[in-house]
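Work through the exercises below with the sequence and the 3D structure at hand. Try each task before reading its solution.

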Amino acid sequence: MLGACLAVRDDCPNRFYQIDRDMKQSESQSESTQSLPAQAPGDRLTQAASRQLALYAAIVVIALAAAMFGLNYLASLTSSAAGMSRQAVDVENNIITSYLREEPPQMNSLRSSDAVSSMVMAHVMEGLLRYDENSQLAPGVAERWEQDGSTVTFWLRDDARWSNGEPVTAHDFEFAWKTVLAPATGSQYAFLLYPILNAEAANNGEISTDEIGVEAVDDRTLVVTLETPIAYFDRMVAYMTFMPVNEAFYEQTNGRYGADADQMLYNGPFIMTSWVHGASMQLRKNPYYWDADRIKLDGLNYAHMTSDSNTLQNLFKDGQIAIADLTSEMLEEAMFQRWPLSQFMEGTTFYTEFNHRPDRLTRNLNLRKAMLLVHDPSELVNRVIKLPGYLPAETLFPRWVEGMNGPFREEYPLPPLQRDVEKAREHLQMALDELGLEELPPLVFLSSDTPVARIQSEYYQEVFRRYLGIELLIDRQVFRQRLEKMTAGDFDLVGAGWGPDYNDPLTFADLFASWNLNNRGRYSNPELDAQVRIAQSSLDPQERTDAFGEIHRIIREQVVIMPDYERGYVYVTDPRVKGIVRHVFGAETDFTNAWIDVDAGDDQ
Amino acid sequence: MWMYTLKRLLQGVITVWFIATATFFGMHSVPGDPLSGERATNATIRANLEARYGLDRPVSEQYFIFMGNMLRGDFGISYTQQNREVNDIIREHFPVSATLGLLAVLFAAAGGILFGALTALYRNRLPDYIIMFLVILGISVPSFVFAALGQLSLVNVNNVLGFSILPVAGWGTVGHMLLPALVLGLGTMAYMTRLMRSSMLEVMSADYIRTAKAKGLSPTRIFARHQLRNAVMPVITVLGPAIAAITTGGFVVELVFAIPGLGRYFVQAVQQLDYTVIMGTTVFYGAFLVFMVIMVDLVYSWIDPRVRLQ
C-alpha cells in the first residue's frame, strides 16, 4: 500500500515521504533482483550520514596514525637489530649486508649438518685447514701437516686465538672430536670421523671415547691415528664437524653451546656480535684472528632470513643486500641494467634413481637402457626447467671433480647421452621378452613436491609415454615422507640428488656401493664394490683416479641412474663489492676475502 | 556471568586438550620422522639421536611425557632449530606476528566498517559498485598475489623516486609493517565490508529507525547512534576469529616480506615433521583461538544489552 503511494510520489520533496521511500528501499535487501531507482542526490539522511562517515574516517586515520607510534615501539622491542645498517654497502663503516636462506639450524659445530650453518661457521670459525679464495685447501689453525701411513700429524700455529684471547690448542681439537663421537652428543655427522681409529666403536658406545685415535701430544701438536690409511683425510678436516671447541667454555654453556651469539667462542675471521633469531645476524671483524690483515671488511650483516627468491631480488634492487640469486624473469632485467653477473655451480648432481630390488621391473637392465636411451638431460634443463644456472648432467660426477691433471670427465670421457628412439624400442622389446610380459605395467615415479621436481616428473611422464609407451604414475610426497618411501624401497624410479661432504671424488663414488645406506635403490654389483674399496684404501693417486673412472663407466653401462641436472645459480653482486667467493665446500657464499671498492660505485 | 565465564573457560580447556591429543597422534601417524635427513643415518647414529630426543620409547609413553611437560608449560626443544626451546620460539616470534596482525586487524576493521557503511548508504550507486567490485577482488585474490604485487610496486616506486619511501622487506620499524599489514588485512577487510553492508541495510529498514525518524531525531544522530552502532554487531562477532586467523595465518606474507613471525615456524614445522614445534604452535594457536572466541562472547553481552549470558 505504502509502495503504491510511493511509486506516485517518487520525486516528492516532502521530508516524510522521503523517509518512507528510504525505508522501502532498505526493505528490499541488496541481494534482491528488484532494481530500484537511484536515490536523489539531495537525500538529506545520506548526506548527513556521509558527512558523519567522513568525520569517522578522519578520526580513524588519526587513531591509526597514533596506533603506529605504539606499534613502532612494539616492533623495536621484538627486533634488537636497531641501528643495524640496512644498506647493501656501508662504505663509511666498511660493512656489507647480505642475507641467509634460513635461520641457521645448528651453530654448535659438533652437531651441525646443514649448509646455512656451515656458511656462517666458515666466517666465524676456523678448522685445522680452510678453503682459500680459489677454493683450494690452505693452512688454517694448522700451519703444516704430514701423513705417514695411518698417522697424520698437524702442527698448530702459535698465534691462533679464541675471541676471548686464549690460544687455540691441540686439546681443543681433541675435545671436539671426542665429543662428536660420544653417543650422548647425538651428532648426525659423526660418521665423517669414522676413518679415525676406534671412532665407530666409540660412537657405538662399545668402548670409551678415550681410546679414539686422536691425541694432543702438546698444545701445538695433534696426532691422529687412522683405522686404515686413507688418502683424503686432510681434505675432510676442513669440514665444520672437525672444528675446535674450547672445553672450558663449552662446559660453562650448560648444553646451550651455539644457541646465541654469546654462547659461542670464535676463532675465525669474524665474531658474531648479535643474532636475532629468524631475523638477522651481525658479524664483526675478529681482532684476535691470526690472519686479521687478510680480512678487509670490518663487518658483515645478514639482515634478512628468507628463501623467497623474488623477495631477495627486490631487496637487491632496492639496494639493501649486496648479492642475490636470479630467477629467469629477473635475469633479463639484470642484463639490461648491466649488473655484474656470475655463475656458481653448487657441486650437486640430481638424477633419477632406479629401484634395483629383486621384485622390481626396473631391475631389468634392458628396461633401464631403453629408458636412458630416450632420456635427454639437455632438453630437460633447457626446455623444461629453464632456470638460470642449471646445467645438464652427464654422469654422477659433477663438473668440479678433478682427475689427475685436469677435469675428471675429460680424462675419463663417456659417450654423450643422445636420444635414440629406435634403439630404445629394441631394448624395451628385449626387456619385455626377458620379463615374459606383453605390455609393461605402469611404473611408479616417486617425486618431491618442489616446483622443479613437479615439472620434471610431468616431463618424464610425457617422454616415456611418447617414445616407449611406458606409463609413469607420479607419487608426489613432501620431504620426510619421500625419504621414508625411498628408504622402504616403495618406488620404481625416484628423483634424487647428492651433494659432496668432502673434497674428494669418493664422496660421490661410494654412493652405489652395496653397503652404502644412501644407495636407496639397493644397487649391488661386486665389480663396483671392488673399485670403491680400491678408491677408499689406496694411497696411490693414479690408482684411485682409475678406480673412479671404472665406477664412472659401470654406472653408465649398467644404467644405475639417469643423470638429470647439476644445480647452479646465476647471481648478481653490487658493483662496489669485490672478492665474493662461492665455494662448493665450506662457505657457499664467502665474504672473508671481499672488500668494498669505492671507485666502482661512482659510475653507478 | 561469572558462572558462565567459568563454564566457557572449562570448555575451552577441554577443547585445547582435544586439539593437543588429536594433533599428537595425527602427527605420529604420518610416515617419516623428524630425524630422517637426505643423508641416511647409520643405526648407531640413529639410536644416539633417538635416545637424545626420547623417540625410542613407545608412542603412548611419549604422549604422557608430553602431556606432563605441557602442563608444566614446557614444550621441549625443536628438532630443526636444534638449540632452541619451543617456548623461546613462541616467545620471540609470536609478538612479531601479533604486532603485524594487530595492525592488519585495525586496517581490516576500520576499512570494513567505513566502506561497508558507505556502500550501504550509496546502495546501487557508483561508490557502491566500485567498492563492491574491489571487495570481490579482495575476497577472491589470494594474499600471496597481493604480497608479490605490493612488493614489486614498492620497489619500482622506490627506484623511480631514487630513495626508499618504505622498506621492501624486513622488520624493525612501523615502516616495515605498513604494506604487509595492509596485504594481510585485505581479505578480512573485504569480508567485513560485505558483512557490514548487508547488516547496515538490514538496520536501515528496521522499525526503530522509522521511529527515530518519526520523532524527529537529527539524521546525524540516527546514523551514528541507531544505524551504525546496531549494524556493527555482526562485524564484532567475526572480529575475534578474524584476529586469531590473521595473527596465525600470516605465513605467506611473513615469507614474502621476510618477517620473523611465528607463521613461518607453524607451517615449516609441519613440512619438516618437527614434532615439538608442531605441538607447541598448534596448542598455542588453538588456545589463542579458543580464548578469542570466548572474549568475543563476553564482550558481546557488554555491547548488546539484549544478549544476556547465563
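**Exercise 1. Give the strand order of the five-stranded open sheet in chain A, and find its edges.**

Step 1. In this predicted model, the order is β1-β2-β11-β10-β9 (chain A), and the pairing is mixed. Strands here are DSSP runs of E of at least two residues, and helices are runs of H or I of at least four, numbered from the N terminus. Two strands pair if DSSP finds at least two bridges between them.

Step 2. The edges are β1 (89–90) and β9 (270–276) of chain A; each has a single partner strand, so one side of each lacks a neighbour in the sheet.

Step 3. Inside the sheet, β10 (residues 280–285) of chain A pairs with β11(A) in the antiparallel sense, over four bridges. A:Met281 has A:Tyr302 in β11(A) as its bridge partner.

Residues are numbered from 1 along each chain as its sequence is written, and chains are lettered from A and ligands numbered from 1 in the order in which they are written. Since the model is predicted, local features need pLDDT of at least 70 and side-chain atom pairs count only at pLDDT 80 or more, while totals for chains, interfaces and linings use all residues.

**Exercise 2. Which residues does B:Ala117 contact, leaving aside neighbours within four places in sequence?**

Step 1. Two residues are in contact if their C-beta atoms, placed from the backbone, lie within 7 Å.

Step 2. By this rule B:Ala117 touches A:Leu53, B:Met196, B:Met200 and B:Leu228.

**Exercise 3. Describe the side of chain A that touches chain B.**

Step 1. Count the residues: 73 of chain A are in contact with 69 of chain B.

Step 2. Find the elements. α2 (15–27), α3 (44–78), β11 (299–305), α9 (309–317) and α16 (479–488) of chain A each supply at least two residues. The most come from α3(A), with 20 residues.

Step 3. Sort by type: 33 are nonpolar, 29 polar and 11 charged. Ala, Val, Leu, Ile, Met, Phe, Trp, Tyr, Cys and Pro count as nonpolar, Asp, Glu, Lys and Arg as charged, and the others, Gly among them, as polar.

**Exercise 4. What is the confidence in each chain?**

Step 1. pLDDT is the predictor's confidence in each residue, from 0 to 100.

Step 2. Chain A has a mean of 87, with 91% of its residues at 70 or more. Chain B has a mean of 87, with 99% at 70 or more.

Step 3. Over residues 1–42 of chain A, pLDDT stays under 50.

Step 4. For the model, ipTM is 0.85 and pTM is 0.84.
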